[in-house]
Amino acid sequence: MYGLLWRLLPGPAWLRVMILLVLAVAVVLVCFEWVFPAIADYMPFNEQTVGEAR
Amino acid sequence: MSRARRTKAKPHIALRLTGVVGELMITLGILVGLFVTWQLWWTDVQAGRVQEQALEGLDWAEPAPTLVSVEDTPDEPPPAVVAPAPGETFASILVPRFGSDYEVTVAEGVGKKDVLDTGAIGHYPETAMPGALGNFSLAGHRTTYGKPLNQIADLQVGDPIVVRTQDTWYVYEVTESLIVMPSQIEVIAPVPGLEDGAALPELTERFITLTSCHPMFSARERYIVHGTLTSWMPVSQGTPSALAPAAEGGQ
């Protein structure tokens with residue numbers, strides 16, 4: 001899987017490493033901004049209130 | 001080794017599948033680790049920033065540093081607070097037990113996205129307003145999202161909980177801490193403990209109730225702190241003596 005990604009990337013090794021770094025940062029950003037907040041809604045440990053969830 | 005020879009010598013399909021599954025599992029592990037990092041650390045960072053802005057945004061007059069003891073506070077009932085719009089920040093809460101510089105904004109509603117996850121403390125709609133007869137009930141995160149009620153279990157009977165609106169101080173005193181099930185909404189009844197559906201007696205007391213999760217990082221139970229109003233005073237008169245350590249620290 002990652003081997004295929006490595007082979008598909010253009011340029012010398014250092015350039016591929018840079019591209020992968022940028023990709024990794026992008027994935028973390030997307031997760032922190034959108035994916036994780038959406039998942040957190042379904043996590044049971046975030047409830048602070050009594051009664052039904054409002 | 002030439003490129004041509006490398007592509008020729010392809011491993012068996014089962015071996016390649018195992019490799020892909022392994023990489024997927026490693027990826028999943030990293031993502032779970034990232035989620036934990038986000039939940040335990042980044043939500044605090046974000047909520048901390050929002051909360052800092054919310055406190056600055058209050059733009060309320062600084063109270064005079066003169067300490068006013070309980071005996072010098074007004075005897076008449078406190079002025080009523082107008083019910084705020086959902087999500088509106090209408091008060092702040094100061095708890096000397098949580099630190100002399102502890103101040104967190106109180107906003108209307110206990111929704112997660114609009115209030116609690118911004119690091120603020122939320123006011124249960126339809127419960128009493130600060131100083132009013134009944135039960136001024138609040139909820140806040142104990143872990144993550146700025147964790148405003150992180151130290152709720154440290155509160156002792158007799159500890160002051162001070163609520164400030166733009167013009168008024170309300171000084172409550174802790175009377176009781178308890179652990180209940182999430183379904184026990186009687187803790188935020190106008191008289192704490194009054195069963196849901198029971199006839200409402202004539203209200204004579206002014207309560208405050210804090211609710212947060214218990215145990216930490218779990219939602220199995222709720223940690224509850226009750227208190228009653230002991231005094232109130234206009235902000236223009238000075239600072240309540242209950243906040244004395246804070247006032248000393250500022251000098």
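This passage describes chain B of a predicted model, from its overall confidence and fold to its long helix, its nonpolar core and its unusual backbone sites.

For the complex, the predictor reports an ipTM of 0.88 together with a pTM of 0.86. Chain B has a mean pLDDT of 90, with 94% of its residues reaching 70 or more. The pLDDT is below 50 over residues 246–251 of chain B, a stretch that has 7 contacts in the model beyond near neighbours in sequence.

Chain B contains 3 helices and 10 strands, and its elements are arranged, from the N terminus on, in the order α-α-β-β-β-β-β-β-β-β-β-β-α. The radius of gyration of chain B is 25 Å, whereas the globule rule gives 18 Å for 251 residues, and the chain is therefore more spread out than a compact globule. Along the principal axes, the C-alpha atoms of chain B fill a box of roughly 95 × 50 × 30 Å. Of the 251 residues in chain B, 37% are buried. Among contacts in this chain between residues at least 6 apart in sequence, 63% join residues that are at least 24 apart.

Helix H2 of chain B comprises 45 residues (residues 13–57), for which a rise of 1.5 Å a residue predicts a span of 66 Å; the end C-alpha atoms are 62 Å apart, which agrees with that expectation. H2(B) nevertheless bends by about 40° at Trp38(B), and Trp38(B) is also one of the buried residues of this helix, along with Gln39(B), Thr43(B), Ala47(B) and Gln51(B). The cover over the buried residues of H2(B) includes helix H2 (13–40) of chain A as well as S3 of chain B. Just after H2(B), Asp59(B) adopts a positive phi of about 55°.

The largest nonpolar core holds 51 residues, of which Ile93(B), Ile161(B) and Val162(B) touch the most other members. At least two residues of this core are supplied by each of the following strands of chain B: S2 (89–94), S3 (103–108), S5 (134–139), S6 (160–164), S7 (168–180), S8 (206–214) and S9 (221–234). S9(B) provides the largest share, with 6 residues. The surroundings of Ile161(B) can be listed in detail: when residues up to four places away in sequence are not counted, Ile161(B) touches Ile93(B), Val95(B), Tyr172(B), Val174(B), Ile208(B) and Gly227(B). A general tendency is relevant here, namely that in soluble globular proteins nonpolar side chains tend to be buried together.

Several backbone sites in the loops of chain B deserve separate mention. In the loop between S5 and S6 of chain B lies Thr144(B), which has a positive phi of about 65° although it is not a glycine. Tyr145(B), in the loop between S5 and S6 of chain B, likewise has a positive phi, of about 55°, and is not a glycine. With buried status assigned at 20 or more other C-beta atoms within 10 Å, Thr144(B) is buried because 24 such atoms lie within 10 Å, and Tyr145(B) is buried because 25 lie within 10 Å. A further site involves a cis peptide bond, which joins His214(B) and Pro215(B) with an omega of about -10°; Pro215(B) is located in the loop between S8 and S9 of chain B.

Key. Residues are numbered from 1 along each chain as its sequence is written. Chains are lettered from A and ligands numbered from 1 in the order in which they are written. This is a predicted model: local features need pLDDT of at least 70, side-chain atom pairs count only at pLDDT 80 or more; totals for chains, interfaces and linings use all residues. A nonpolar core is a set of buried Ala, Val, Leu, Ile, Met, Phe, Trp, Tyr and Cys residues joined through C-beta atoms within 7 Å. A residue is buried if 20 or more other C-beta atoms lie within 10 Å of its own, exposed if 12 or fewer, and partly exposed in between; C-beta atoms are placed from the backbone. Helices (H or I, at least four residues) and strands (E, at least two) are DSSP runs, numbered from the N terminus. Two residues are in contact if their C-beta atoms, placed from the backbone, lie within 7 Å. pLDDT is the predictor's confidence in each residue, from 0 to 100. The expected span of a helix is 1.5 Å times one less than its number of residues. The bend at a residue is the angle between axes fitted to the seven residues ending there and the seven starting there. The radius of gyration is taken over C-alpha atoms; the globule rule is 2.2 Å times the number of residues to the power 0.38.
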